[in-house]
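Let's take a walk through this assembly together, one contact surface at a time. Have the 3D view open as you read.

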There are 4 protein chains.
Amino acid sequence: MQRKIKIFITGGTFDKEYNELSGELYFNNSHMYKLLELGRCRLDVDIETLMMVDSMEMSKIERDCIVQKCIEEPLKQIVITHGTDTMVDTAHMLTDAINDKTIILTGAMIPVKFGSSDGLFNMGSALSFVQALPSGVFIAMNGQVFNQENVQKNKKLGIFEETELVK
Amino acid sequence: MQRKIKIFITGGTFDKEYNELSGELYFNNSHMYKLLELGRCRLDVDIETLMMVDSMEMSKIERDCIVQKCIEEPLKQIVITHGTDTMVDTAHMLTDAINDKTIILTGAMIPVKFGSSDGLFNMGSALSFVQALPSGVFIAMNGQVFNQENVQKNKKLGIFEETELVK
Amino acid sequence: MQRKIKIFITGGTFDKEYNELSGELYFNNSHMYKLLELGRCRLDVDIETLMMVDSMEMSKIERDCIVQKCIEEPLKQIVITHGTDTMVDTAHMLTDAINDKTIILTGAMIPVKFGSSDGLFNMGSALSFVQALPSGVFIAMNGQVFNQENVQKNKKLGIFEETELVK
Amino acid sequence: MQRKIKIFITGGTFDKEYNELSGELYFNNSHMYKLLELGRCRLDVDIETLMMVDSMEMSKIERDCIVQKCIEEPLKQIVITHGTDTMVDTAHMLTDAINDKTIILTGAMIPVKFGSSDGLFNMGSALSFVQALPSGVFIAMNGQVFNQENVQKNKKLGIFEETELVK
């Protein structure tokens with residue numbers, strides 16, 4: 001009865017790991033499979049890695065790619081992991097292009113590979129909101145869900161918050 | 001804009017820990033605060049420990065207590081952590097007594113205190129469904145959500161599944 | 001130049017894990033390989049599982065087996081993982097039977113499989129003492145090393161300590 | 001009967017952590033206390049943070065400081081946590097200056113703060129070798145111990161190994 005969910009991986013802090021030879025953070029493969037196994041997730045999901053980039057370095061071409069993949073995707077429920085710094089920008093572009101799917105963007109403040117990550121909590125949240133919310137583009141972080149219209153990342157505090165709606 | 005959420009703790013595998021002197025599993029304090037901190041949860045929650053029991057040993061008096069606390073609770077969104085073995089029984093009793101609140105029961109197959117627990121994922125899920133679903137009593141486990149009417153625990157596989165609706 | 005080290009596994013808290021279907025602690029396979037990988041151990045070791053028992057339930061036959069295996073072992077440096085409750089008893093029996101090898105018994109107060117175990121620290125310690133100490137039977141726990149002659153487990157505190165040598 | 005051990009902290013990968021606001025690795029406070037607590041270490045230790053630097057950026061002034069502190073230290077058993085890249089250089093300088101103490105340098109390939117670190121294993125090892133070895137300067141990594149005279153870091157493999165003794 002439950003519908004299949006698409007998960008698009010785009011990189012971000014969520015999937016960074018530590019290179020013990022260079023001492024730098026880098027991308028290797030996604031940790032999504034292990035994470036869902038850890039959560040004993042039994043949802044029917046289809047995982048696809050679109051790119052592995054830091055969202056600060058995400059170009060228009062890459063953002064266009066994400067939008068195009070969401071347009072072409074036949075499944076109606078989509079979760080996207082994304083770097084938090086420009087997550088809102090991608091959410092705006094998705095809203096302009098798509099209105100018949102439920103799309104949830106999520107990420108992590110600490111890499112999933114490190115023990116103390118919020119990634120498992122955020123994925124539990126994103127996969128639940130995508131099943132329960134109507135069509136639209138949303139950001140799920142910190143247990144909260146935001147409509148893409150009025151959300152911003154507070155980079156000083158490292159949290160998402162509603163924008164003042166003074167228009 | 002987001003509403004405050006009540007979290008009732010009742011014990012179960014979720015909150016068990018290892019007693020290194022006796023070598024047995026036991027209950028100490030709840031790990032909910034640390035878990036929400038790890039998930040960087042920014043929801044406005046009110047946590048209350050009702051009991052700390054293994055759900056196999058939960059008596060009718062204790063189940064009545066949970067129901068009574070949910071009836072008296074002014075908040076309309078309630079998450080209950082509960083042992084998985086009799087979670088469905090408590091869900092049935094809650095449904096008979098309450099119809100104006102969204103109540104989500106969740107738990108864990110591995111104690112939160114042990115590194116490899118599904119508890120963080122399940123809480124991310126439960127706290128999201130409680131915000132998004134209408135009034136009713138639900139079980140959120142494994143990323144899935146079940147209406148209390150047609151769910152059972154498959155004890156051989158350690159998962160929740162829909163019952164055959166042969167009425 | 002470094003010599004090969006024998007590791008005998010006998011069970012104990014070190015190797016216990018949580019059975020998520022029954023909710024009980026049990027023995028499955030040893031976690032020694034994963035532990036040494038985590039420690040990036042580059043010692044030349046030969047690991048052999050002799051038994052998987054709680055040391056409270058270790059019979060004379062099983063203790064005789066451990067002694068016999070240590071007698072027959074050609075390698076001169078041996079580490080034994082063992083439940084802490086009767087580790088001292090086995091150490092005494094080993095001393096009576098063997099005097100040309102360095103044997104270190106160690107264990108854990110929390111199962112290695114659980115995130116917060118002391119097992120990795122204790123194995124780092126045991127594998128170092130076995131290389132550096134002369135022939136004899138020793139217990140390595142809590143960073144400390146004890147001669148089997150004058151050590152006892154303080155079961156109230158869950159630690160090993162020197163016995164008063166008032167004979 | 002056991003003697004007190006001095007632990008000098010100098011930084012290195014061992015103590016790095018992830019800054020969730022900037023997305024970069026940085027130094028905050030040392031994780032030594034938590035690590036020894038996790039290992040249930042019961043040794044009498046005196047911990048002192050000398051600096052918090054990446055060993056690639058360690059200047060001669062800082063290395064002189066480490067040597068001077070070891071000279072002035074009244075305790076005869078000293079463990080130093082140090083970045084692995086120039087650990088051998090500091091070991092050479094210590095050997096030239098001190099000959100009446102047992103000094104063990106150790107570190108980690110993965111930060112202790114991340115779940116999958118070798119730091120706990122290495123500290124178990126270093127604290128054991130410092131008790132068991134005679135005076136001299138040694139490097140303890142990967143369960144192995146090396147005399148400072150003939151050790152080098154193999155930066156391709158991220159391990160320590162004996163140098164060819166072609167003199």
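How much area do chain B and chain A bury between them? In this predicted model, the two chains bury about 2500 Å² between them, and 64% of that area is on carbon and sulfur atoms. The contact involves 31 residues of chain B and 31 residues of chain A. If you would like a place to start looking, pick out Arg40(B), Arg42(B) and Phe121(B): they supply 27% of the area that chain B buries against chain A, more than any other three residues.

What kinds of interaction does this interface hold? The rule finds zero salt bridges across the interface of chain B and chain A. Polar contacts do turn up there, with 10 residue pairs, both residues at pLDDT 80 or more. On the side of chain B that touches chain A, the elements giving two or more residues are α1 (32-38), α4 (119-132) and β10 (159-162) of chain B. Of the elements, α4(B) gives the most to that side, with 11 residues. Sorted by class, the side of chain B that touches chain A has 15 nonpolar, 12 polar and four charged residues.

Now consider how the two copies are related. A turn of 180° with a shift of 0.0 Å along the axis lays chain B on chain A with an RMSD of 0.0 Å. The interface tells a matching story: 100% of the interface residues of chain B are also interface residues in chain A, so the copies meet through the same surface.

Next, turn to chain D and its contact with chain A. Here 15 residues of chain D are in contact with 15 residues of chain A. Between them, chain D and chain A bury about 1400 Å², with 61% of it on carbon and sulfur atoms. The residues to highlight are Tyr18(D), Glu20(D) and Leu21(D), which supply 39% of the area that chain D buries against chain A, more than any other three residues. By class, the side of chain D that touches chain A has eight nonpolar, four polar and three charged residues. The rule finds zero salt bridges across this interface of chain D and chain A, and it finds two residue pairs in polar contact there, both at pLDDT 80 or more.

What rotation superposes chain D on chain A? A rotation of 180° does, with 0.0 Å of shift along its axis and an RMSD of 0.0 Å. That is the relation of a two-fold axis. For this pair, 100% of the interface residues of chain D are also interface residues in chain A, so these copies meet through the same surface.

Let's zoom in on some side chains. A search of the whole structure finds six aromatic pairs over all chains. One of them joins Tyr18(A) and Phe114(D): the ring centres are 5.9 Å apart and the planes are at 80°, so the pair is edge-to-face. This pair crosses between chains, from strand β2 (residues 16-18) of chain A, which holds Tyr18(A), to the loop between β6 (102-106) and α4 (119-132) of chain D, which holds Phe114(D).

Finally, the structure holds 44 salt bridges over all chains. Among them is the one that Lys16(C) forms with Asp54(C), where the closest N and O atoms are 2.8 Å apart. Lys16(C) lies in strand β2 (residues 16-19) of chain C and Asp54(C) in the loop between β4 (45-53) and α2 (60-72) of chain C, so this salt bridge ties together parts that are 38 residues apart in sequence.

Methods:
Residues are numbered from 1 along each chain as its sequence is written. Chains are lettered from A and ligands numbered from 1 in the order in which they are written. This is a predicted model: local features need pLDDT of at least 70, side-chain atom pairs count only at pLDDT 80 or more; totals for chains, interfaces and linings use all residues. Side-chain values use heavy atoms; hydrogens and water are left out. Contact means heavy atoms within 4.5 Å. Buried area is the accessible area (1.4 Å probe) that two parts lose on being put together, summed over both. A salt bridge is a side-chain nitrogen of Lys or Arg within 4 Å of a carboxyl oxygen of Asp or Glu. A polar contact is a pair of N or O atoms within 3.5 Å; within protein, one must be able to donate a hydrogen and the other to accept it, and residues adjacent in sequence count only if both atoms are side-chain atoms. Ala, Val, Leu, Ile, Met, Phe, Trp, Tyr, Cys and Pro count as nonpolar, Asp, Glu, Lys and Arg as charged, and the others, Gly among them, as polar. Copies are superposed by least squares on the C-alpha atoms of residues with pLDDT of at least 70 in both. Rings of Phe, Tyr and Trp (its six-membered ring) pair if their centres lie within 6.5 Å; planes under 30 degrees apart count as stacked, over 60 as edge-to-face and the rest as tilted. Helices (H or I, at least four residues) and strands (E, at least two) are DSSP runs, numbered from the N terminus.
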